[in-house]
Amino acid sequence: MPADRLRFHSRAAELAGLDPEVSKEAEAALDRFESLHGRVVPAAVREWFALAQGADALRKFSNDDMVYDADRLGREEVYYWPEDNGDWPDDVDEQEERQLDPVGSLGLLPFLVENQGVWVMAVRLDGSEDPRLGARAPMSPELLAVAVPGYLDRTEQATAGPHWLREALEYATTRLHGAASALRPIGTMGRTTGYLVADYLLQQAGRSRGTVAVPETVWQALAEYHHPRDTQGLARSAERWGERRYAEELHRIAADRGDIHSGMQLGKLLLAAGRIEELRARADGGDRGANSELVNLLAREGDLAGLRGRSRIGDPVAARLLVSLLLQQGRVEEALSHLEAWAHAGDASAERYIRKIIDEQERFGELRTRADEGDVNAAWSSAELMVKYGRIEELRARADAGDRPAAHELANELARRGEIGELRARAATGESAAGQVLAHLLASQDRLEEALTVLRRLAEAGDESAACRLAELLAEHGGVEEALAILRGLTDSGYHAAWYRLANLLAEDGDLEGAVAIVLAQPHAGGALINVAPVSTALAAGGRLDDLRALADAGSMPAEQSLAHLLEERGDLDELRARADAGGHAAAGLYNALLRRSGRLDELRARAQAGDRIAESLLEQVVAEPRRAEPDHDSDQVTTFLPPWRPNIGPDRPPRR
């Protein structure tokens with residue numbers, strides 16, 4: 001499928017270099033999810049996870065986070081309360097583990113877990129996340145009168161009777177076979193004020209019309225007659241459909257009502273169109289969203305005079321950005337003077353900012369001393385403060401003296417400032433940080449050969465970190481054999497960051513035996529075994545139970561989870577129970593959930609009495625009313641959630657008690 005055929009993710013696919021080929025297996029897995037749970041996967045989520053490379057692309061651009069494949073979406077999770085911070089629920093013991101079904105209990109579909117299990121990304125499954133146009137309120141007769149003709153050809157329009165709308169509504173609200181109608185009337189006693197589309201139509205027609213262009217009359221009707229709570233969602237949909245005119249009109253309506261987010265989005269549209277004076281006029285007229293875009297533009301352009309002017313008329317955003325720019329230029333006294341004026345006017349946050357700056361200035365000497373004594377954390381903190389306060393010469397001197405954190409921060413600052421000449425010069429001297437930042441910059445500009453040349457020079461000089469980055473860049477652009485050769489050499493030499501990259505690349509290239517051998521040859525990997533999630537995923541996809549057992553027994557949590565799910569799918573409950581009894585958390589979660597679903601409560605109760613906290617939690621849920629997430633109609637599509645359990649996947653998870 002060409003990338004431009006994707007409705008939601010064409011730009012993302014293009015940026016990721018993704019082949020938008022649809023996987024029949026993934027589509028079948030998504031269909032099974034909907035059949036099993038009785039919930040529709042939002043169209044945008046289905047589009048991405050139906051792609052053959054969808055989940056892999058998310059893994060590639062994540063920070064070793066756990067991304068679910070299509071066949072793993074909707075699985076039950078084991079969660080635990082991580083630390084004694086005084087905020088535990090009353091019914092939760094310290095480090096207590098519980099089973100959670102996010103789909104059934106919360107109406108949420110997790111698709112990514114942060115690499116230490118700190119947070120989860122999910123989408124809502126209540127129908128609010130992916131409406132075709134973003135309208136959720138009932139449609140008024142006036143809206144339908146304007147919108148419907150856009151779906152009729154000229155002949156149908158010409159032959160429609162004078163009472164076509166009334167007749168059409170009578171037909172659409174007639175119950176079919178006494179069960180359901182296409183439209184459901186909404187209103188007060190004896191008076192219909194609007195109509196809602198039947199759920200079955202939304203679910204069945206949503207996919208078939210997902211990529212069909214929306215008629216102009218529909219946008220006209222929505223812009224004029226929509227419900228106020230739908231304005232922002234409709235504006236986002238108009239942007240997604242490329243209807244810039246209506247996106248601007250709808251964001252303007254919401255911004256005029258005081259919606260800051262829409263004001264910011266309108267500001268972005270005005271900036272993209274080069275209508276700076278119109279943006280300035282809205283900012284001067286009190287539109288806080290437009291003002292935010294304007295002052296950020298001034299900051300990006302380094303316009304101190306413009307920021308000063310807006311700060312003088314009482315703009316706190318401009319004041320903060322002005323102070324930040326002054327600090328970056330090393331003009332600390334001027335920044336403090338500006339903050340003092342705000343503090344004298346009663347701004348308590350300005351007083352706190354002043355104290356923070358003074359404290360950080362006083363810390364410089366202490367941090368430098370500790371850094372010189374070998375304290376790596378102090379070296380990083382010192383380098384970051386040098387960037388923040390514009391002490392670039394001092395940062396440069398420390399980088400020249402071999403301070404690696406200083407070199408790293410300096411390289412990024414040079415790239416941010418566009419000082420590519422110095423970045424190249426430093427890379428030419430063999431400075432690893434400068435070379436890797438330069439290579440990243442060149443690769444992002446499609447200057448791949450230049451980027452590879454920079455990294456090769458560093459690697460040939462013995463820079464192992466640059467060699468790893470060279471291997472990654474080669475693999476990303478089809479040079480898998482050379483990448484594998486580089487990573488093998490680094491692994492054989494004992495470089496700590498190479499082995500799991502080698503194992504993952506071997507798995508992605510189809511050499512699962514080689515990948516497993518590399519992982520098992522790392523007896524002291526410890527928590528780093530979480531980095532081989534791609535290996536476990538590939539083994540699970542191939543049904544390689546023995547290899548998964550070997551990795552799970554070696555301490556790989558991703559392998560343990562993949563093995564448990566594979567055992568459950570195959571119906572091997574004896575081994576699943578054995579692994580649960582041996583302390584396998586993923587196995588315990590799945591086995592106990594199976595006992596609950598199948599009504600084997602006596603066995604579940606026995607496990608709880610034997611000290612299985614997950615079983616105990618599930619027993620409580622049997623008698624408790626399941627919690628469901630309240631729909632938030634103003635939310636973005638992707639939800640990051642923590643309540644009330646944190647996923648039990650991190651390598652530093654405390655032991656069960």
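Welcome to this predicted model. A good place to begin is Glu513, which is partly exposed, with a relative accessible area of 49%. Its side chain meets that of Arg544 in a salt bridge, at 3.1 Å from N to O. From there, the tour takes in other charged pairs, a helix with two faces, a buried glutamate and the nonpolar cores.

**Glu513 and Arg544**

- Glu513 sits in helix H29 (residues 512-520), while Arg544 belongs to the loop between helix H30 (533-541) and helix H31 (545-554), so their salt bridge ties together parts that are 31 residues apart in sequence.
- Arg544 is partly exposed too, and its relative accessible area is 25%.

**Other salt bridges**

- Across the whole structure, a search turns up 51 salt bridges.
- One of them joins the side chains of Asp256 and Arg282, with N and O 2.8 Å apart.
- This pair links distant parts of the chain, as Asp256 is in helix H12 (residues 244-256) and Arg282 is in helix H14 (residues 276-284), 26 residues apart.
- Asp256 counts as exposed because its relative accessibility is 54%, and exposed means over 50%.
- Arg282 counts as buried because its relative accessibility is 15%, and buried means under 20%.
- Asp375 and Arg370 form another salt bridge, in which the closest N and O atoms are 3.2 Å apart.
- Asp375 is partly exposed, with a relative accessible area of 26%, and Arg370 is partly exposed at 31%.
- Salt bridges can also join into a network, and one such network links Glu393, Arg396, Asp400, Glu422, Arg426 and Glu431.

**Helix H2 and its two faces**

- Helix H2 covers residues 24-37, and its 14 residues should span 20 Å at 1.5 Å a residue. The C-alpha atoms at its ends are 20 Å apart, which agrees with that expectation.
- The buried residues of H2 are Ala26, Ala29, Leu30, Phe33 and Glu34. They cover an arc of only 140° around the axis, so they lie on the same side of H2.
- The general rule behind such a pattern is that an α-helix has 3.6 residues a turn, so residues three or four places apart point the same way.
- On the face of H2 turned away from the buried side, you will find the exposed residues Lys24, Glu25, Arg32, Ser35 and Leu36.
- Just after H2 comes Gly38, which takes a positive phi of about 65°.

**A buried glutamate without a salt bridge**

- Glu409 is part of helix H22 (residues 404-417).
- Although Glu409 is buried, it has no salt bridge. The nearest side chain of opposite charge is that of Arg416, 9.0 Å away.
- Leaving out residues up to four places away in sequence, Glu409 touches Trp380, Ala383, Glu384, Val387 and Leu395.

**The nonpolar cores**

- The largest nonpolar core has 107 residues. Leu307, Leu327, Ile357, Leu395, Leu487, Leu490 and Val535 are the ones that touch the most other members.
- Leu395 therefore links two topics here, as a member of that core and as a residue touched by Glu409.
- Leu490 is in contact with Glu464, Ala467, Cys468, Tyr495 and Ala498, setting aside neighbours within four places in sequence.
- A second, separate core holds 29 residues, among them Ala26, Met66, Ala70 and Val103.
- Ala26 brings us back to H2, where it is one of the buried residues.

Conventions:
Residues numbered from 1 in each chain as written. Predicted model: local features only at pLDDT ≥ 70, side-chain atom pairs only at ≥ 80, totals over all residues. Heavy atoms only, no water. Helix = DSSP H or I, 4+ residues; strand = E, 2+ residues; numbered from the N terminus. Expected span 1.5 Å × (residues − 1). Buried < 20%, exposed > 50% of the residue type's maximum accessible area, 1.4 Å probe, protein only. Arc of directions from axis to C-beta. Lys, Arg positive; Asp, Glu negative; His and termini not counted. Salt bridge = Lys/Arg side-chain N within 4 Å of Asp/Glu carboxyl O. Contact = heavy atoms within 4.5 Å. Core = buried A, V, L, I, M, F, W, Y, C linked by side-chain atoms within 4.5 Å.
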